[in-house]
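Student: I would like to take a close look at a single part of this structure and then see how that part sits within the rest of the chain.

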Amino acid sequence: MRRRRTARAGRGRRRLLWALVGVLIVAGGLGGIAVWQNTYDLREERVVMRHDGHRLEGVLARPPAGDGPFGLVVFVHGDGPVDATHDTFYRPLWESFARSGYASLSFSKPGVAGSEGNWLDQSMDDRAAETLAAVAWARGRPDIDGRRIGLWGASQAGWVLPKAAAKDRRLQFVIAVSPAVNWLRQGRYNLLAELRRDGADRQRIDKAVRRRETTLRLLRQGASYEEYRATVGVTDDAGDADDVTPDRWRFIAKNHTADAVADLRAMRNTPVLLVLAGHDVNVDVTETEAMYRRILPASTLTVQHHPDATHSLLDHDTERSPLRLTATAVFAPRKLYAAGFLDSQARFLRRAGAGKLLSQHPTA
């Protein structure tokens, strides 16, 4: 549940960010610079796919020149109602990938930005099936090289990427950014990390842990949303209104037992880039790295650490300062991400295109 509050807070910050962007541009008369900095060297095409009876709208971002066929990175979103561009935050990534000869494909989640359905009705298996439908759709295009398609995903995508890669052994690679492994352990880590970051005292922490244990008991019992509300109440540990809706409760009930271990084992031969942040309060990166290293052969796994990054791989100091965050988003959006984040992924893709991913380590 705390992850839901975190996701909503993130969306609120992004809305505030772009509101401040508008004010800053008008007040400073610097619109030309802002437009230039937010123009990307890409050819973006609005695309439509049908899956599970629903229309999904997305964006195919190709390199600025040439007919292809291009390699392709298919994006798998994290939690929340994410649109195809992730409020434009994907575009620096797309541009970086395009410079390595890869297009990028991203669909808005069901119920978001013109896509039909409701993303809160999905299980992780549903999300993996949707991802594979996007891959199949892309393989039907003459400008995409079906032999050079891989997946990029962040956070909650940690439960989706291995499922998809285990089922489609033709995928060339997986880039996993801040992925979780086990829903329950990750949720406890997130709860405690945020409370400690906010300076909560022992009494507040104990109260939050008891509330969480009650919630998990209700989930194990298959309790309804009404039973959850009656038992847990309408406020959280800090006295704030509980934002768990009926749809969200059903989503949690479907997915709270998610664990990536079996799917990671099933995708052992797929080259993986694991990207981890030093200031991640959402995911226990120590556990994630240990699990990936234990399961995946060294010949297929590359791990990149970004000590100064947050869970979203934004620069930690930039994210902490609203003014700095706004100014960077307007005048240098590519620098929102932690130093080296864009370049390191681009290098990984260039190795993928050259067929070198499995030759960088001795065979396991």
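Which residues does His306 touch, not counting residues up to four places away in sequence?

Tutor: Bearing in mind that this is a predicted model, the residues that His306 touches, leaving aside those up to four places away in sequence, are Val275, Leu276, Ala277, Gly278, Leu313, Ala338, Ala339, Gly340, Phe341 and Ser344. The histidine itself is found in strand S8, and its relative accessibility is 7%, so His306 counts as buried, the cut-off for that class being under 20%.

To place the residue, it helps to turn to the sheet. Strand S8 spans 301–310 and is one of the edge strands, the other being strand S1 (43–51), and each of these pairs on one side only. The sheet as a whole is open and is formed by 8 strands with mixed pairing, in the order S1-S2-S4-S3-S5-S6-S7-S8, while the twist from one strand to the next averages 20°. In that order S7 stands between S6 and S8; strand S7 covers residues 272–279 and runs parallel to strand S6 (residues 174–177), to which it is joined by 4 bridges. Within this pairing, Ile175 has Leu273 in S7 as its bridge partner. Helix H4 (residues 124–139) packs on the sheet, where it touches S1, strand S2 (54–62), strand S3 (70–76), strand S4 (102–107) and strand S5 (144–154), and the direction of the helix makes about 120° with that of S1.

Elsewhere in the chain, a pair of helices can be described in similar detail. The axes of helix H6 (residues 183–197) and helix H7 (residues 202–220) come within 10 Å and cross at roughly 160°, which means that H6 is roughly antiparallel to H7, and the crossing in which H6 passes H7 is right-handed. Where these helices meet, H6 contributes Leu184, Gly187, Arg188, Leu191, Leu192, Leu195 and Arg196, and H7 contributes Arg204, Ile205, Ala208, Val209, Arg212 and Leu216.

For the wider setting, the chain has 14 helices and 8 strands, and of its 364 residues 56% are buried, a class to which His306 also belongs. Of the contacts between residues at least 6 apart in sequence, 74% join residues at least 24 apart. The accessible surface of the chain comes to about 15900 Å², and carbon and sulfur atoms account for 52% of that area.

Technical notes:
Residues are numbered from 1 along each chain as its sequence is written. This is a predicted model: local features need pLDDT of at least 70, side-chain atom pairs count only at pLDDT 80 or more; totals for chains, interfaces and linings use all residues. Side-chain values use heavy atoms; hydrogens and water are left out. Two strands pair if DSSP finds at least two bridges between them. Helices (H or I, at least four residues) and strands (E, at least two) are DSSP runs, numbered from the N terminus. Axes are lines fitted to C-alpha atoms, for helices over the stretch in contact, and angles run from 0 to 180 degrees between N-to-C directions. Contact means heavy atoms within 4.5 Å. Buried means under 20% relative accessible area, exposed over 50%, partly exposed in between (1.4 Å probe, protein chains only). Accessible areas come from the Shrake-Rupley method with a 1.4 Å probe; for residues, only the protein chains shown count as cover. Angles under 35 degrees count as roughly parallel, over 145 as roughly antiparallel, 65 to 115 as roughly perpendicular and the rest as oblique. A crossing is left-handed if the near helix is turned anticlockwise from the far one by less than a right angle, and right-handed if clockwise.
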